[in-house]
Structure formats: structure tokens, C-alpha cells
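Let's take a walk through this structure, one piece at a time. Have the coordinates open and follow along.

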Amino acid sequence: MSKTITVIDTFGFFFRSFYALPPLTNKEGFPTGLLTGFVNFIDRLHQDHSSDYIVFALDAKGPTFRNEIDPEYKAHRPPPPDELKAQLPIAIEWIEKMGFKTLMQSGFEADDMIASITKKAVEAGMIVRIVSHDKDLYQLIDDDRVVLVDAIKRKDVNETECLEKYGIRPEQFTDYQALLGDSADNVPGVKGIGKVTAQKLLNEYETLENVYANIDEVKPAGVQKKLRENEANAWMSKKLVTLRDDLFETVEWHEFDMDDRNPFVPIVPELLRYEMHGIIRKLKAKKLIGEEEIAAESAVQTEECPLPANAGFTAKLVTDEAELAALTGAITAETLVAFDTETTGLDYLDDTLVGFSFCLNDEEAYYVPVAHSYLGVPQQVGKAAAEAALRQIFSGRVVGHNLKFDLHFVNHYLEGFEPSLYADTMIMAWLAAPESALSLDKLAQSHLNHTMISFKETVKKGENFSGVDLADACGYAAEDAWATFRLYAKLSELLKLQGGEHLLEEAAEVEFPFSLTLTAMEEAGIKVDTKVLATFLEEAKTRLSELTQSIYELTGSEFNINSTKQLGEVLFEKLELPAAKKTKTGYSTDEKVLSSLLEAHPVIEKLLEYRELHKLVSTYLDPLLQLGAQRPDGRIHTSYVQTGTATGRLSSKNPNLQNIPTRTPLGARIREAFVAEPGKKLIGIDYSQIELRLLAHFSEDPTLIDAFKNDRDIHLSTATALFGEEEAPKKRGIAKTVNFGLLYGMGQKKLSDTLKIPTKEARDIITRYFETFPTVKSYFASIVERSKEQGYVETLLGRRRYFDYDKATPMLKAAYERESVNTVFQGSAADLIKMAMNRIDDVIKKERLPATMLLQIHDELIFEVDAAQADALGARFQSIMEEIFPLHIPLRASLNIGAHWGELK
């Protein structure tokens, strides 16, 4: 007698069950209709003994091969009801707990799993019963050997049923769907052809291939016209609807055995929680559970975790999935939720989520463990339940501390997740005091008078958070969420008390969205050509070897060139070159010292070249090559620090891509290794003289405004004003140095050193500059005066940098004066590019443009775009950057397009 395998279209069955049953709930108000239908189905299947094998097919997270055929496939499906979403993760977890097997494979849908297992079962002579109401599976029906089962109506669908319902045979079903399309899945089909026409065509021509082979004969003319115009869509649609049946080479059937043991015993606590009274009565009748067990299992599975005395809140460990669903189910769009993650490390590309914590009020916080792994670890929350809880949490107003970090891990844990961010307490603390310590520990101590549990005390040396006992992990993790919740209120009040209420608006409109912009950029990464890097590295090492030998020969000794101490002794003691004053640590051999000795000895030139090349190898070539080789796609991912500078400028780390030399041939060669993917181009858009334009805007100097409004060369205009028309072309470089230098507080000594001119001449140039641009001088003076009167300066968007002149030494006061001027311009430039990046990111996402923002190098943005649209997109983004904020003068940005970064300058 043939064996039978029951294959469950899991999500399809759950959806059908949910809509077929009334809206049941338990006493806590949690929906249970889907769960009830599932339990009843399993009970019936178990009692009937009608199946030898059972398996549940699941959709894998993320895109499938069909999305490669058509990116719009299933793109606009509406989200399921919240009541259904709340039950799904519980039901999926029950499958595993009851001992049943699942089939799932990345890149494919559950229907492909079903088709593949069905093919193997038929080859093995089995009868296949597919529990599904999905018409896509009609193509698998094979007389009475493969049937679909409507578990709600308890009805089998075979070949006869298919013919009666659709007027075609099962083997024609993919052709039928190719003609008809499917609006639910975004399968286009042939526009204008309905069910009746599709049936007629297939009844006459049998297959889609024959329809198009005889297209000239198709009547009426209108149908023929539709078929011709939509032929590409028809063939694409057939690819989309045809199920893959070749995903398994072999099948170990015993893994799918329908066990004789009662499947409900392992989920008794959940059956009690969700009040599955019918099944509970059956289990009691069979004496599989007793009254005491029922009473014990009825308790909620959350427990308080140990905390230091006077902690100020309660930490609770949540391992019961129903309790988690109930807690997060109460979150609405208006709920403030402090959130934090615990992970195996700091690299979101390689490390993983271990658990997450959340806090909804001042009194208690929760920790949800998902992936602790140590001997004897208790039961944790399953992935489906955790995913459901995370999605519910992020439906509220989520507050985090450095939430950009957490979002990466949530992104990787939840496929298709679109992150949201209501507030970030690290950014708020930075806005309140840009140069203060921003760690959660330090802020909790200073603002809450609360000493946090330390990471070192919680995680053993050499281990990671997954090895931490759940009770200890709970206290540590829940405290992070609680402290963040408390800090949000404290920092909001502090900003208001400082008169910085406008900064809360600036944060909501610019800084918090900017974190999301950066998250997407970090995730995208940029491709490097490792072959280019490897070739350059070999050349560099060969040249370093040559330079090493030259240096040894010129100095007459072999020594460690990278040792400052040994190099100082060789230069200033052996070669007796003039030295700066010797300190306790030895002679200074920095670039400034070496440059001053260029005329003194031929070895100096070699040393400077060696230094530059060695830095490129150790800081860029070696690390970039290693990072590029680590990833299959060859992309490297920098991390941006939004709060790393007092001015608001971004910094980049791991690796730092903002400091690759730009003005040297060697630096340019490194940039050639940063490339666009095939079929794409890189776009570079660079703000032109943004800080000088801000100077013109703020100072309202008529000469500067006139030059920028008429798009004149500002440095030549300055040189003309300083030195006259005849001398101007030759002295444009001096004017450029002065223009930018004064924005950064450059004095006569620095100008003298930079231009290699006498101090008196430098002083005269600065004097002449301020005589020529008196408005600029008075504006600089007003910045310094305001910083002393108010104790702070503000950028274009009102971000502040504070200066405590009262406690400063004379040297520090002079530094404050320089920094106050610098902050206004550098900080305002940072404001402008942040706004531009947010706007562009928003446009890309809303319009689904074939473009990705990859890098920000201070005043420059780099994108990767489809090559065919590079010119149009470049012009679009350039326009956004130039029009982002109304100034007294026009903003200008230069646009460059190329295959690699080196071509963007």
C-alpha cells in the first residue's frame, strides 16, 4: 500500500485558518483564532492516522529568485492584520516544539519547497496531500496521486475539481496564470485578457508556446493585438508562476515520520495560556497531564532579575512568548519605547543579535534573550516571536542611545525591516554639550546619579554576551533600556533649560533622520578592486625596499626607520644635522622638522617619501585589501561617527575613508581601487568653497557677495583686491591660503610657515586683507564677542558649541577665539550637507531611484547609480545640494562621473 505524505503550505494554511474562524481571544484579550484552527487541524490529523509523513513548508526571509526576474514581484502586498501577525510567530514556534519538521531555503518560496518534495514523493511512489488553498499549487495536482486539501472545508481538490473550477487541466495552470496574471502577487500577465479568454486560448492551442507559435491565427484581432503587445510580460509571468521542483537531490523520509506520540504534550504551557480547552480536556482524559501541572504551567513566565541595591527600577526577564506578545502588543504609535540590543560583538556584518531590552516607563524594563549559548541555558524566545515583538516595538516611538548601532543588528535580524528612530539620547547629549563624554555610563552618572552595571563585570574576558547567564544578562541589558528612557526625559528638560528648545526641533528634523541616512550608507558599503590594491601594494613594497637601502647608504648605518628614537640619533648625533631641542623621549622627527632639513642632507627627501609610502601601506593598502577580501561582494563598510566632533563634522572609522590623501599621486592611485559595480557608475558631487560662501552669507560683505553672485573666481577676486590686477594671477595661491586660513583662525606665524614667507610679510597680508574686507573683520570680531558674552556660538541650524572663558588660561582663551570662528563656518557647512543628504536619501527611497549614497567626504558626496541614468541623477542630486537652504549667495557644487573614485576629481 502506498505511503502518504502531508505537506503543509504553512503561511497559506494559517491565513486561511485565521479568516475562517471567528475572532477568538483568551482572557488577556490576546487573539487565538489562528492558534485554535491550527491545534484542531493537528489533532484531527493525528487522530485520523491518515498520513505516514508530515512536513511544514515555510517561506524564507528576503528576496527570492523571482525578485531577480521582476523586482516588482509581490512588492505591494498589504500587511496582514495585527491579530494575525501576533499569532503567526507562536504557531511557527509550536511546529518545532511539537517535533514536526520544516522545509525552508533562502531565495525560494514555500511553494518551491512543496513542488520539490512533491516530485521526490511521487518518484518514491507516495500519495501527496498538500494542505493549501493557494491556486499557485494547482499546477502540482496529478489525478489522485497529488491532491490539494482544503483543511477548513475538509475537501480534496484533484484534477477533476481543477477542470470544473478553471476549465483547464493542472498541467496548463502555469500558462493560464501567465495569460491572466495575478494582481495580488504583481504578476502582470497579458493586460486585457480575462479568465474566459485565457480558457479559450488554452482549450484551442493547449500551451502558451502554441499560442505564440500560431499568433497570426488568433482571433479576434483585439486579443491578438494584446498578446503581441504583452508577449514579454507573458513569458516573464510564466517564469514567475512556475514552481521550482529540483531543490532536493535526496530526501531522508524518516525525518518526516508522523510520530505516534501526542504532539501537544511539549506545548502544554502555551495551550493553557491561550485557553485551548478542548485539547487540554483530551490530554487530561488520556492522563498525559494532571491538575497540579495545569496550575503550575498557568503562571506567567517572566521573572525579576537581580539588581544592585537602590537600582531604582525592576528588571524582568521575558522568556514566555505569549507574555512577550502581550507586552509588546500594548505598544501603539504614540508609545515611547527605550530600546537596546545585546550582541556577540561590535561588527554587524559578522556578529549577531543575542537579545534585546525595552522600557516603557520609569519603574521597569525587560530583557528578551534570543541567542544565548552556554551549557544549560534555559529556553529562550524563538526567532519568529522575537521578530514579531521587534516589529511591534518599532511601531512605537523608539528611543535609543547610539541607536544607529542597534539598527544594524535589527536590520540583519529582520528581513525587509524599515527602521525608524524617534530620538537618540547620545545625539541629544551631544547637542547639549558637544565636547562632553557621551557614553551611557557617564551620562547616567552625571544626569541620573546612577552607577551602571559594567560590561567587564558582566562578560568574562575572552567571551561575548552570548555566554552570559540569563539572570545576569537581564539586569545589565534592562538597565541600558531603563537608563535611556530616563535620560530622554532629563536631556529634553536640560535642552529647554539651556534655552536650546530649538535644538529638539533641529534633532527631530535633521539629526535623527541623519542617523537613518548614515545607517543605509554604512550598510551599502563601496566596492574595492582588490586586484588594483594588490598591484599597488606590491609596487609600494618594492619601492619601500629601495628607499630603505638608499637611506641606509646615505646615513651609513642600518636602523629601524620607523623608530623615532633611532632615526633621531642617526640624524642629529651621527650626521650632526641641526636639531630642535632634545626632550626626555628623544629628538623630534616629525614632518615639520624633516621638511626644515631638506636642504641639509640628501637623505631627508628619501625619508619623507618613505614616510608617506609607509603610511599608505600600513594605514590604507594593507587594511583595505584585507577588508575587501573578507566580503564575497568585495565591498567595504565604514562606520560614521555623528557625534565625534564639536563642530558637527562627520568622522569615519573602521576604516577611515575620509583621510585618504587627495593631493598626492599615491593617494589618487588608492582612490582608483574604489570602483562601481558592473553596469553602474560612481557620481561625485562636491560643494564648491562652501565655507567661504557661508562667510559671505553671514558677514554680508559686498565684495564677497558680488563675487559669488556673479560666479567669479573668489581667490582671484581676493588676490586682485589685495595685490592689484597685474599681480593677482601670480598671487592667487596666496589669496586662497588667506581666504581659508582666516576661517580657521590662522595667525601671522602660521601663514608665514605655510607660505614660507617672513612673518612681517604675513602680518602685512593679513592687515591688508582686513582693510580690504572690513565687514569680514568686524564679523569675525562679533563671533568672538558673542562667544564670550553668551558662552557659546551657533551654526546655521542653531547647533551650539560652548566655551568656558571664565576658567580658561590665556592660551586656552586664544584657542577658544579661533575655535568659535571655525565652529560657525565648519559647523554650518556640516548642517548644509546633512540636510542635503537627508533630502537626497528621501528622494531615492520614495521614488525608488536606481541610486545609492555611499560616502560623505566632508563637503563631497559619492553615489553609485545605474550607468544609463548617471547624467540625469547626477544633475538631480547636484540641484538638491545647491538648493537645500536659501543663502544670500548661491551654493555651487561640482559634478563628476566615473568608473572609479579617482575619476571624480
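Start with N654, which counts as exposed at 58% relative accessibility. Bear in mind as you look that this is a predicted model. N654 sits in the loop between β17 and α27, and its phi is near 50°, a positive value in a residue other than glycine. The peptide bond that follows is worth a click too: from N654 to P655 the bond is cis, with omega near 0°. P655 belongs to the loop between β17 (651-653) and α27 (665-671). For context, most residues other than glycine have a negative phi, and most peptide bonds are trans.

There is another cis bond to look at, the one joining K219 and P220, where omega is about -5°. And for another positive phi in a residue other than glycine, go to N402, where the angle is near 60°. N402 is partly exposed, because its relative accessible area is 29%, and buried would call for under 20%. You'll find N402 in the loop between β12 (397-400) and α17.

Now zoom out. The protein has 36 helices and 24 strands, and its C-alpha trace spans about 105 × 80 × 60 Å along the principal axes. Of its 905 residues, 51% count as buried. If you take the contacts with a sequence separation of 6 or more, 68% of them come from residues 24 or more positions apart.

What does the inside look like? In soluble globular proteins, nonpolar side chains tend to be buried together. Here the largest nonpolar core has 124 residues, and F674, L695, F780 and F825 have the most contacts inside it. Helix α35 (residues 810-847) gives the most to this core, with 13 residues. Center your view on F780 and leave out residues up to four places away in sequence: F780 touches L695, L742, L743, F770, V821 and F825. A second, separate core has 75 residues, L317, L324, I393 and L470 among them.

From N402, step along to helix α17 (residues 403-413), which is mostly covered, with nine of its eleven residues buried. The buried set isn't just greasy side chains by name: L403, L407, F409 and V410 are on the list, and so are K404, D406, H408 and N411, including Y413 at the end.

Helix α10 (residues 221-229) tells another story. P220, on the far end of that cis bond, is in the loop between α9 and α10. Within α10, the buried residues are V223, Q224 and L227. They cover an arc of only 100° around the axis, so they lie on the same side of α10. On the other side of α10, A221, K225 and E229 are exposed. And what covers the buried residues? The cover includes α7 (173-180), α8 (195-205), α9 (208-213) and α11 (231-241).

One of those covering helices, α7, holds Q177. Is Q177 buried or exposed? It is buried, because its relative accessible area is 4% and the cut-off for buried is under 20%. Setting aside neighbours within four places in sequence, Q177 is in contact with K135, D136, Q139 and V241.

A little upstream of α7, look at N158, in the loop between β6 (155-157) and α6 (159-166). N158 touches I141, D143, D144 and V147, again not counting residues up to four places away in sequence. N158 and P170 are twelve residues apart in sequence, and their C-alpha atoms are 8.9 Å apart in space.

Finally, the empty space. There are three cavities of 30 Å³ or more, and the largest holds about 70 Å³ of space. Its lining is made of G648, R649, L650, E691, Q826, A829, A830, I833, K834, Q856, H858 and D859. By class that lining has four nonpolar, four polar and four charged residues. Helix α35 turns up again here, giving the most to the lining of the largest cavity, with five residues.

The second largest cavity has a volume of about 50 Å³. Ten residues line it, and F13, R16, S132, H133 and A151 lie nearest its centre. The elements that give two or more residues to this lining are α1 (10-20) and β5 (146-150), with α1 giving the most, three residues. By class, the lining of the second largest cavity has five nonpolar, three polar and two charged residues.

Technical notes. Residues are numbered from 1 along each chain as its sequence is written. Side-chain values use heavy atoms; hydrogens and water are left out. A nonpolar core is a set of buried Ala, Val, Leu, Ile, Met, Phe, Trp, Tyr and Cys residues joined through side-chain atoms within 4.5 Å. Buried means under 20% relative accessible area, exposed over 50%, partly exposed in between (1.4 Å probe, protein chains only). Helices (H or I, at least four residues) and strands (E, at least two) are DSSP runs, numbered from the N terminus. Contact means heavy atoms within 4.5 Å. The arc is that of the directions from the helix axis to the C-beta atoms. On a 1 Å grid over the protein atoms alone, a cavity is a set of points where a 1.4 Å probe fits but cannot get out, and a pocket is an open set with protein on both sides within 12 Å along at least five of seven lines; lining residues have an atom within 4 Å of a point. Grid points are joined across faces, edges and corners, and a volume is the space filled by probe spheres set on the points. Ala, Val, Leu, Ile, Met, Phe, Trp, Tyr, Cys and Pro count as nonpolar, Asp, Glu, Lys and Arg as charged, and the others, Gly among them, as polar.
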